[in-house]
Amino acid sequence: MRETYPSRVYHRSNRVHELTPEERTVHDGLDPARMPHHIAIIMDGNGRWAGKRSLKRFLGHQQGAECVQYVVETASRIDLPWLTLYAFSLENNLRRPRNEVNFLMKLLRTYLVSNVKRMNDNNIRVAYIGRTHELPAEVQDTMQWAAEQTARNTGTTLTLALNYGARSEIVDAARTLVHNLMAEAHQRGISVEDMLAAEGADDAIKNRIDEPQLSAHLYTAQMPDPDLVIRTSGEQRISNFLLWQIAYAEIFVTDRLWPDFRGIHLLEAIADYQQRERRFGGLGESSDEALSETLPSASETPAELLPR
Ligand code: FPP
């Protein structure tokens, strides 16, 4: 589990009355005490949605972009503090035809420009994760503008993962840790080796490079880990998305293609999530001492299994 927790103040809006009647029905069945704080979605199936209708792939993406706003607004009405969407992976950038990548970039800009007012009306803040500095300059400008326009909002944070890859995120965090070490040594006028040796090299490395430190240098440093990951269109894989952060997340896969996904499906995924027992590597709530007592005592344990 991550130890860093968001410092930003989240304001509840109490806007469930704005849900559709169908959404209200599902929402009324949810346990308010067990709502996820962070949901991350792998939006997949735009191409298949278009293919099923004999449409060009780009129309699938266009419909997919429409759904983003529906889902984001439902998230804000149910007071979900964090929603992270996998909008464009590093691999999409490298492996998709240039004209598709250019179309996705254009779609992103159009989406941001057309929805900033709605974001503000819904108190939604927009943020990004990924190697966004590698995106075209005009895309970065629009992204920055949308982030600034919505920065003061205190409801749902919508994080778009753009040019994002989880492995490269971990690599970037490791590089930052090394850079920080070098900068500190430089400032103190000694070599990194001498600086670490002065603290006892092994201990110094353990103290300076551990899970909380690495977490604190991920793009998601200010966010809680996702409780629930949703993947649309049926593929049972994670596709290099938030690998570190989803260590204990629940995973919900639906066959529904992303362009057919709406707020009600978000609520249904939450209902499914609430049926799960989260254990975080422990025994979980339904276990009791009786279960532990089923473990063999030391005298009953075969000698070869006892600690030496
Ligand atoms: C996968 O569809 C989806 C993506 C490439 C990323 C998601 C993009 C959008 C929803 C559109 C734009 C987003 C924003 C935020 C405006 P796919 O092409 O891989 O589908 P397929 O697997 O059926 O071919």
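The following exercises, each with a worked solution, concern a predicted model of a protein chain with a ligand.

**Exercise 1. Overall make-up**

State how many helices and strands the protein chain has, and what share of its residues is buried.

Solution.
- Step 1. Start with the secondary structure: the protein chain has twelve helices and six strands.
- Step 2. Turn to burial. The chain has 308 residues, and 33% of them count as buried.
- Step 3. Look at how contacts spread along the chain. Among contacts with a separation of 6 or more, 80% join residues 24 or more positions apart.

**Exercise 2. The order of pairing among strands 1 to 4**

Work out which strands pair with strand 2 and with strand 4, and in which sense.

Solution.
- Step 1. Take strand 1 (residues 38-42). Its pairing with strand 2 is parallel and runs over five bridges. Within this pair, Ile39 stands opposite Leu83.
- Step 2. Take strand 2 (82-89). Strand 2 also pairs with strand 4, again in the parallel sense, over seven bridges. Leu85 has Leu160 of strand 4 as its bridge partner, and Ser89 stands opposite Tyr164 of strand 4.
- Step 3. Take strand 3 (residues 125-129), which pairs with strand 4 in the parallel sense over five bridges. Here Arg125 stands opposite Thr157.
- Step 4. Put the pairs together: strand 1 pairs with strand 2, strand 2 with strand 4, and strand 4 with strand 3.

**Exercise 3. Burial of strands 2 and 4**

Decide whether strand 2 and strand 4 are enclosed or open, using the number of buried residues in each.

Solution.
- Step 1. A residue is buried if 20 or more other C-beta atoms lie within 10 Å of its own.
- Step 2. In strand 2, eight of the eight residues are buried, so the rest of the structure largely encloses this strand.
- Step 3. Strand 4 (residues 157-164) likewise has eight of eight residues buried, so strand 4 is largely enclosed too.

**Exercise 4. The nonpolar core**

Find how many residues the largest nonpolar core has, and explain where it lies relative to the two domains.

Solution.
- Step 1. The largest nonpolar core has 57 residues. Those with the most contacts inside this core are Ile41, Leu83, Leu85, Tyr86, Ala87, Ala161 and Leu162.
- Step 2. Residues of this core come from both domain 1 (15-26 + 33-164 + 224-276) and domain 2 (166-223), so the core lies between them.
- Step 3. Use Leu85 as an example. Leaving out residues up to four places away in sequence, Leu85 touches Ile41, Met43, Val68, Leu160 and Ala161.
- Step 4. Add the general background: in soluble globular proteins, nonpolar side chains tend to be buried together.

**Exercise 5. The shell around the ligand**

Describe the residues around the ligand by distance, by element and by kind.

Solution.
- Step 1. There are 20 residues around the ligand, and Asn46, Gly47, Arg48, Gly64 and Tyr111 come nearest.
- Step 2. Helix 2 (46-52), helix 3 (57-77), strand 2 and helix 5 (98-121) each give at least two residues to the shell.
- Step 3. Sorted by kind, the shell has eleven nonpolar, seven polar and two charged residues.

**Exercise 6. A link between distant parts of the chain**

Compare the settings of Val71 and Arg262, and trace the contacts of each.

Solution.
- Step 1. Val71 is in helix 3. With 23 other C-beta atoms within 10 Å, Val71 is buried.
- Step 2. Arg262 is in the loop between strand 6 (250-253) and helix 11 (263-275). With 17 other C-beta atoms within 10 Å, Arg262 is partly exposed.
- Step 3. Leaving aside neighbours within four places in sequence, Val71 touches Phe261, Arg262, Gly263 and Leu266, while Arg262 is in contact with Cys67, Tyr70 and Val71.
- Step 4. Check the distances. The C-alpha atoms of Val71 and Gly263 are 4.7 Å apart, with their positions 192 residues apart in sequence. For Arg262 and Cys67, 195 residues apart along the chain, the C-alpha separation is 6.4 Å.

**Exercise 7. Two serines with positive phi**

Give the phi value, the place and the exposure of Ser54 and of Ser239.

Solution.
- Step 1. Ser54 has phi near 55°, a positive value in a residue other than glycine. Ser54 sits in the loop between helix 2 and helix 3 and is exposed, with 6 other C-beta atoms within 10 Å.
- Step 2. Ser239 has phi near 50°, which is also positive. Ser239 lies in the loop between strand 5 (228-231) and strand 6 and counts as partly exposed, with 15 C-beta neighbours inside 10 Å.

How values were computed. Residues numbered from 1 in each chain as written. Predicted model: local features only at pLDDT ≥ 70, side-chain atom pairs only at ≥ 80, totals over all residues. Near = placed C-beta within 6 Å. Helix = DSSP H or I, 4+ residues; strand = E, 2+ residues; numbered from the N terminus. Nonpolar A, V, L, I, M, F, W, Y, C, P; charged D, E, K, R; others polar. Core = buried A, V, L, I, M, F, W, Y, C linked by C-beta atoms within 7 Å. Buried ≥ 20, exposed ≤ 12 C-beta atoms within 10 Å, placed from the backbone. Domains from an automatic or database assignment. Contact = placed C-beta atoms within 7 Å. Pairing = 2+ DSSP bridges.
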